[in-house]
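Student: Please take a close look at a single part of this model, the place where two of its domains meet. I would like one connected account rather than a list.

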Amino acid sequence: MEIQRNISLKPYNTFALEAKAAGFCTVSTVEEIQTLLAQEREQKKFPSLFILGGGSNILFTANVEALVVKIALKGTTILHETATTLDVEIAAGEEWDNAVQNAVTQNWGGLENLSLIPGSVGAAPVQNIGAYGVELQNVLVSVRGIMRSTGEKRELSCEECSFGYRDSIFKRDLREKFIITSVVLRLQKNPTTVSELSVSYGALAEEIERLFLGVRREDYTIQHVRSAVCSVRRSKLPNPAVIGNAGSFFKNPTVPHEIYNRIKSIYPEVPSFPVSENLVKIPAGWMIERCGWKGKRLMPQSDAAVHDKQALVLVNHGAATGEEILELSRQIQSSVQEHFGVALETEVNIF
Ligand code: EPU
């Protein structure tokens with residue numbers, strides 16, 4: 001396992017921001033991770049380890065003084081099958097969308113709504129990735145990994161992961177304590193009935209109808225769902241290979257009814273999703289757009305900007321720095337706070 005020094009992280013973050021790593025290495029097996037942890041415990045060559053997946057949810061605002069460990073474990077194994085389901089273990093270093101594509105090709109249902117989400121399989125449980133009415137927790141059986149302090153293997157059940165909206169134990173109690181090496185998912189074999197598909201999210205339902213005019217709702221397949229999800233995402237979300245970005249920059253805030261009612265009295269068209277009796281989720285992208293930010297740059301010459309088709313996504317048009325993106329995000333937070341009285345929390349991890 002070769003450790004390189006002073007490496008550019010630009011190819012390893014989807015914002016395509018320049019930042020240097022004091023050390024960098026790639027690990028491809030559980031044993032390699034255990035060896036590295038033991039070495040670092042004994043020799044302490046770096047102040048800390050920084051575990052890197054696909055780099056699709058990170059904003060680098062400074063150089064990283066740590067040893068950056070790129071997780072490159074690969075492989076998919078079927079662990080268990082019943083007549084209707086199968087449990088598959090997918091290694092953390094696989095690209096998430098390759099895993100989805102593979103499942104859809106084999107006609108294993110459950111992941112199709114999560115098509116085209118950038119990033120690695122190992123990063124998926126950290127923020128409980130979600131899209132179009134489905135979250136990872138709906139299909140996850142367990143997460144396997146290694147405790148950083150001891151090098152011991154540990155498996156957490158779905159319940160032990162304490163999943164919430166873009167949240168999990170890996171962001172809280174196990175933050176910087178656990179390295180995810182694989183996830184175990186329970187998928188549906190040959191899903192054929194519409195009840196096994198999740199097609200109720202408004203934008204998705206419209207896109208399936210538009211793309212597959214003439215196909216009856218009861219005849220939709222997971223292939224139809226994947227195509228429609230890919231199509232909606234491509235129309236709104238920038239491809240990180242073309243324009244640097246990390247998907248949604250903020251979480252959608254949950255607000256009490258009184259705040260929602262106040263906003264609705266001024267903007268009767270405000271979109272909303274009920275969360276509980278007293279709480280409502282309001283799309284942050286809608287508020288950011290209302291504050292006039294859609295398509296705007298931090299300054300006329302800056303490459304730090306708000307995407308012109310989805311105001312929830314901040315983009316790097318080429319030469320933006322992490323500090324510029326961070327400054328833009330702070331200005332957006334102030335404007336939304338001032339205009340709507342709502343605090344926006346970042347979804348992206350800021351370093
Ligand atoms: N909207 C606007 N203007 C905008 C953006 C959105 O008015 O610039 C409105 C839309 O018209 C719609 C509502 O806000 O009425 C919701 O928009 P959309 O369906 O695009 O979803 P979102 O709430 O902005 C969330 C997730 C996305 C996920 C989509 C679809 C979060 C933080 N983001 O976005 O996830 O793909 O729903 O399920 O929950 C990600 O996490 O990186 C991500 C892209």
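**Where domain 2 meets domain 3**

Tutor: Between domain 2 and domain 3, two residue pairs are in polar contact, with both residues at pLDDT 80 or more. The model is a predicted one, and the domain assignment splits the protein into domain 1 (4-71), domain 2 (76-235) and domain 3 (244-350). The contact draws on five residues from domain 2 and six residues from domain 3. Taken over C-alpha atoms, the centres of domain 2 and domain 3 lie 26 Å apart.

About 610 Å² is buried between domain 2 and domain 3, and 40% of that area is on carbon and sulfur atoms. On the domain 2 side, Tyr165, Arg166 and Lys171 lose the most area to domain 3, and together these residues make up 64% of what that side buries.

One salt bridge is counted between domain 2 and domain 3. Arg166 forms a salt bridge with Glu347, and their closest N and O atoms are 3.1 Å apart. Sorted by class, the side of domain 2 that touches domain 3 consists of one nonpolar, two polar and two charged residues.

A last point concerns cysteines. The count of disulfides is zero. The cysteine sulfur closest to that of Cys158 belongs to Cys161, at 6.1 Å, so the two are too far apart for a bond; the cut-off for a disulfide is 2.5 Å. As for Cys25, this residue is buried, with a relative accessible area of 1%.

How values were computed. Residues numbered from 1 in each chain as written. Predicted model: local features only at pLDDT ≥ 70, side-chain atom pairs only at ≥ 80, totals over all residues. Heavy atoms only, no water. Buried < 20%, exposed > 50% of the residue type's maximum accessible area, 1.4 Å probe, protein only. Domains from an automatic or database assignment. Contact = heavy atoms within 4.5 Å. Buried area = accessible area lost by both parts, 1.4 Å probe. Salt bridge = Lys/Arg side-chain N within 4 Å of Asp/Glu carboxyl O. Polar contact = N/O pair within 3.5 Å; in protein donor to acceptor, adjacent residues only side chain to side chain. Nonpolar A, V, L, I, M, F, W, Y, C, P; charged D, E, K, R; others polar.
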